[in-house]
Number of protein chains: 2
Amino acid sequence: MTSPFTGLSAFPLTPLPSDHLDEPAFARLVRRLAGSGVDSITALGSTGSYAYLTAEERARVARLAVENADGTPVLVGVGALRTSHVLRHADDAAAAGAAGLLLAPVSYQPLTDHDVLELFRTVTEHSGLPVVVYDNPGTTHFRFSTELYGRIAELPGIASIKIPPLPADAAEARARVEEIRAVIPEHVTLGISGDGSAAAGLTAGCDAWYSVLAGTLPEPALRILRAAQRGRLADGEAEDGAAEDAAAESKRLEPLWKLFAEFGSLRVIAAVAEELGLVPHRCLPLPLQGLTEEQRTRVADTLDILGLDG
Amino acid sequence: MTSPFTGLSAFPLTPLPSDHLDEPAFARLVRRLAGSGVDSITALGSTGSYAYLTAEERARVARLAVENADGTPVLVGVGALRTSHVLRHADDAAAAGAAGLLLAPVSYQPLTDHDVLELFRTVTEHSGLPVVVYDNPGTTHFRFSTELYGRIAELPGIASIKIPPLPADAAEARARVEEIRAVIPEHVTLGISGDGSAAAGLTAGCDAWYSVLAGTLPEPALRILRAAQRGRLADGEAEDGAAEDAAAESKRLEPLWKLFAEFGSLRVIAAVAEELGLVPHRCLPLPLQGLTEEQRTRVADTLDILGLDG
């Protein structure tokens, strides 16, 4: 598990209080993650509000991330509505020293499969950095087919696919992972997203977890990851009960997953980070309103119950 | 019908061949519309690819639109993912001499009603220009409730709501218009979008038609509009058969509406404008691929059949 495209990738917030990038707060978030033992740090993921930032802000965040990561590999989100803007972000990420790019097919006009394939072709031909295909239909409104995964994954330069949550049923989840693996080259890893179903995703065979939670609370995410990894040793020599441990660690965080489902993971994790004093209050870019006082109280109570309040 | 928020508003393309704004081609499109008798020109609508452009490009397009509109009121699309960017676009539109703003709640993270209400409040408090609320769930993925229409429409500065297509049934369409009218102030106009159902929308009581078609082919759109207007004279003195004339004019264009539905109105109208020599080929911003040669042949054949080929 030495590639930045396996294990746990932590997605830090990009704090934007009063509509300005808080550079010291962001640097502190990254240093905290670098010290936690996560396998990689993905700056400017959805959790890092990449879609809301200017090119200048994005270049600055990429530099700060690499400078403060202390050698932990940094992936940088480069998605944008216009291909030429994606290429600029990719160049800036490379100049910053990123280990890879995260690219979602962000849409305003609905995109066709052909549009998306050509987008990934253009970016992989342009940039020397490995690319994570970011499948997040809740924000991009683009739906990948399994066949399109396959066509994109065979482009030189594709390193990983960040897939949406798998079916809840364990056998169905495993079948879905196998179905994707059947159409992609062996070197392309599969990473799960949707923190509440990450334990199940890892147990079902995903190589990586691209995690909102880990960007702010790496320790509970690492506990889930390590249990799941013990359940998936090479050559089938899985440790007995490890998958159950991963499920139990995840189950323990159920109150947090419920808040993620109710208010969206970004608004909840921003409230968590604000509550823990990791970022200034109102750290999301407007028009995204933070949680209300009542909702924040629920977040604080949940952190308290879970023993995550510092 | 002297307000820019009634009658026919024409949405020109913003030609971007090779990823660069073609200023002469855009200026020609606007001059053509100004000479056609449309009631307003909306620059930087969805048809004008606003979401893909930089702030500098948007400011330039707004200036070019006003300079070439020969007194026809120009509305300018100012939507963006981040509120502070919307305010900048609004300032640039005002400096250009726009008569009003078109604002869609563009989303990456899903927006709440509270987010969207505060966005419109912030923009109307900031800008002296009247605002058209742009409800386009196919691109913004935000769904307005009727109640939210009402809360936004009562903000000082809201002039109009651009609504999605109405129900196909005429009585249901009229009922929907009445339902919206019941919650908005009298001075706020309702404008229909979705060109294929515009005749029905105008007949059902909409005051305006925000039109993709008219941005490239104003004459057939004006024929539909004028027939519909004859069917909606003051005090119920409608001209007999006028609503039927509007429906018949629209029905005649059915092959075009079918292409809009099949490939999206933007890609089709771009192919139409390219086919007619109004804009250079490949005028859409990547990653949006234009239609294939085969699809373009269908567009050209349709223009020929409809007598719209110049």
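**Figure 1. Asp19(A) sits in a loop after strand E1.** In this predicted model, Asp19(A) lies in the loop between E1 and helix H1 (23-34) of chain A. Its phi is near 70°, a positive value in a residue other than glycine. Asp19(A) is partly exposed, with a relative accessible area of 24%.

**Figure 2. Asp70(B) is an exposed loop residue with positive phi.** Asp70(B) is found in chain B, in the loop between helix H2 (55-68) and strand E3 (74-77). Its phi is about 55°, although the residue is not a glycine. Relative accessibility is 70% for Asp70(B). Exposed means over 50%, so Asp70(B) counts as exposed.

**Figure 3. Eight strands of chain A close into a barrel.** The order is E1-E2-E3-E4-E5-E6-E7-E8, and the pairing is parallel. The twist averages 25° from one strand to the next. Strands of a sheet pair through backbone hydrogen bonds, either parallel or antiparallel. In chain A, strand E7 (residues 189-192) pairs with strand E8 (residues 208-211) in the parallel sense, over two bridges. Here Gly191(A) stands opposite Ala208(A) in E8(A). Helix H10 (residues 218-230) of chain A packs on the sheet and touches strand E1 (7-10) and E8 of chain A. The direction of H10 makes about 160° with that of E1(A).

**Figure 4. Helix H10 of chain B, with its buried residues.** H10 (residues 218-230) of chain B has 13 residues. From first C-alpha to last, the helix reaches 18 Å. That is close to the 18 Å expected at 1.5 Å a residue. Its buried residues are Pro218(B), Pro220(B), Ala221(B), Leu222(B), Ile224(B), Leu225(B), Ala227(B) and Ala228(B).

**Figure 5. Val123(A) is buried in helix H4.** Helix H4 of chain A spans residues 113-126 and holds Val123(A). Val123(A) has 1% relative accessibility. Buried means under 20%, so Val123(A) counts as buried. Leaving aside residues up to four places away in sequence, Val123(A) touches Val86(A), Leu87(A), Leu101(A), Leu103(A) and Val131(A). Arg82(A) is 41 residues from Val123(A) in sequence. In space the two are 12 Å apart, C-alpha to C-alpha.

**Figure 6. Phe120(B) in the largest nonpolar core.** This core has 230 residues. Phe120(A), Ile152(A), Phe120(B) and Ile152(B) touch the most other members. Phe120(B) touches Leu103(B), Val131(B), Val133(B) and Phe144(B). It also touches Ile152(B), Leu155(B) and Ile158(B). Residues up to four places away in sequence are not counted for Phe120(B).

**Figure 7. A cis peptide bond precedes Pro287 in chain A and in chain B.** The bond from Leu286(A) to Pro287(A) is cis, with omega near 20°. Pro287(A) lies in the loop between helix H13 (265-275) and helix H14 (293-305) of chain A. In chain B, the bond from Leu286(B) to Pro287(B) is cis, again with omega near 20°. The place of Pro287(B) is the loop between helix H13 (265-275) and helix H14 (293-305) of chain B.

**Figure 8. Chains A and B are related by a two-fold axis.** A rotation of 180° superposes chain A on chain B, with 0.0 Å of shift along its axis. The RMSD is 0.0 Å. That is the relation of a two-fold axis. Of the residues of chain A, His141(A) comes closest to the rotation axis, with its C-alpha at 4.1 Å. Of the interface residues of chain A, 100% are also interface residues in chain B, so the copies meet through the same surface.

Terms used
Residues numbered from 1 in each chain as written. Chains lettered and ligands numbered in written order. Predicted model: local features only at pLDDT ≥ 70, side-chain atom pairs only at ≥ 80, totals over all residues. Heavy atoms only, no water. Pairing = 2+ DSSP bridges. Helix = DSSP H or I, 4+ residues; strand = E, 2+ residues; numbered from the N terminus. Axes fitted to C-alpha atoms, helices over the stretch in contact; angles between N-to-C directions. Contact = heavy atoms within 4.5 Å. Least-squares fit on C-alpha atoms with pLDDT ≥ 70 in both. Core = buried A, V, L, I, M, F, W, Y, C linked by side-chain atoms within 4.5 Å. Buried < 20%, exposed > 50% of the residue type's maximum accessible area, 1.4 Å probe, protein only. Expected span 1.5 Å × (residues − 1).
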